[in-house]
Amino acid sequence: MNVFLKTEDEIELMRKANLLVGQTLAEVGRHIKPGVSTLQLDKIAEEFIRDNGAIPSFKGCPNPIGKPFPGSICTSVNALVVHGIPNPKCILKDGDIISIDCGTILDGFNGDSCYTFCVGEVKPEVKKLLRTTKEALYKGIEAAQAGHHLGDIGNAVQSHCEAQGYGIVRELAGHGIGRAMHEDPPVFNYGNIGEGMLLKAGMCIAIEPMVTMGDRKVWMLHDHWQIITRDMKPAAHFEHTIAIRNGKADILSSFEEVEKLEGQNI
């Protein structure tokens, strides 16, 4: 693996790109309501990102078979786990959940973060899934310290979610991030304490629990992008980009504006 350690100056540039992602998530969140299409949300995000001098990193990004992603954000509704393609026919309705995954390129560095939003009145058991997934993200971040291992992060996420009876998607992972959106190492949401790559100061990674209400098994749809739960039960996805420090992890992205918008934490 080629893991690129970042300097302090590079980390601060990454912070700017990631804070813009947080602002974009909040801007999109202001428009999430029943009757809105996911394509409308995509257009709002792209305009906001470009108006702030950045590029939406997802747009045109190729998958393993070279098929470019058509949107500026991923809009994954209900049973879609990740990579939901914005669509004028996908209209949000009361009780839905939608994961907005967003990436930016600003001054040569990437930002990447995801938040799962409620649409209108959502069932309590679905809100619990979101709350647990978000908690797991922060437990993974707590484990992300120099001298720890990648397995410590995965174990923190896995143990928290599986204790609540939820599934951890195994086919997808977080990742290193920097000048490229996806760098080494992969950051899995499962694992054993003390196993995997040693974490070092200067590593920048995106931690992103992808958690299912039912069985953890997923399908890839025929578009070769969208990933959906096999049992069609809801999935949640939260993501932060962080820098590894000698002390605690430094969260470069932010949910602050989104949480203000919600009025309370999930």
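How many positive and negative side chains does the chain have, and how far apart do the centres of the two sets lie? Colour by charge to look: there are 27 positive and 34 negative side chains, with the two centres 4 Å apart. Keep in mind on this tour that the model is predicted.

**The whole chain**

Start with the cartoon view, where you will find five helices and 15 strands. Along its principal axes, the C-alpha trace spans about 45 × 45 × 40 Å. The radius of gyration is 17 Å, which agrees with the value near 18 Å for a compact globule of 266 residues. Now turn on the surface: its accessible area is about 11400 Å², and carbon and sulfur atoms make up 52% of that. Of the 266 residues, 54% count as buried. If you draw contacts with a separation of 6 or more, 71% of them come from residues 24 or more positions apart.

**The cysteines**

Next, select Cys74, Cys114 and Cys161 and show their side chains. You will find zero disulfides in the structure. Why is Cys114 not bonded to Cys74? The sulfur in Cys74 is the closest cysteine sulfur to that of Cys114, but at 8.0 Å it is too far for a bond, since a disulfide needs the two sulfurs within 2.5 Å. Cys161 is in no disulfide either, as its nearest cysteine sulfur, that of Cys114, is 14 Å away. Hide the surface to see these two: Cys114 is buried at 0% relative accessible area, and Cys161 is also buried, at 0%.

**A cis peptide bond**

Move on to strand β8, residues 183-187, and pick out Pro185. The peptide bond that joins Asp184 to Pro185 is cis, with omega about 0°.

**Two positive phi values**

Now select Asn78, in the loop between β2 (73-77) and β3 (80-82). Its phi is near 55°, a positive value in a residue other than glycine. Asn78 is partly exposed, with 24% relative accessible area.

Follow the chain through β3 to His83, in the loop that leads to β4 (97-106). Here phi is near 65°, again positive in a residue other than glycine. Is His83 buried, partly exposed or exposed? His83 is partly exposed, at 24% relative accessible area.

**Last stop: Lys248**

Finally, select Lys248, in the loop between β14 (240-243) and β15 (250-251). Lys248 counts as exposed, with 67% relative accessibility. Add Ile73 and draw a distance between the C-alpha atoms: the two residues are 175 apart along the chain, and 30 Å separates them in space.

Key:
Residues numbered from 1 in each chain as written. Predicted model: local features only at pLDDT ≥ 70, side-chain atom pairs only at ≥ 80, totals over all residues. Heavy atoms only, no water. Helix = DSSP H or I, 4+ residues; strand = E, 2+ residues; numbered from the N terminus. Rg over C-alpha atoms; globule rule 2.2 N^0.38 Å. Buried < 20%, exposed > 50% of the residue type's maximum accessible area, 1.4 Å probe, protein only. Contact = heavy atoms within 4.5 Å. Areas by Shrake-Rupley, 256 points an atom, 1.4 Å probe, with all protein chains shown as cover. Lys, Arg positive; Asp, Glu negative; His and termini not counted. Charge placed at Lys NZ, Arg CZ, Asp CG, Glu CD.
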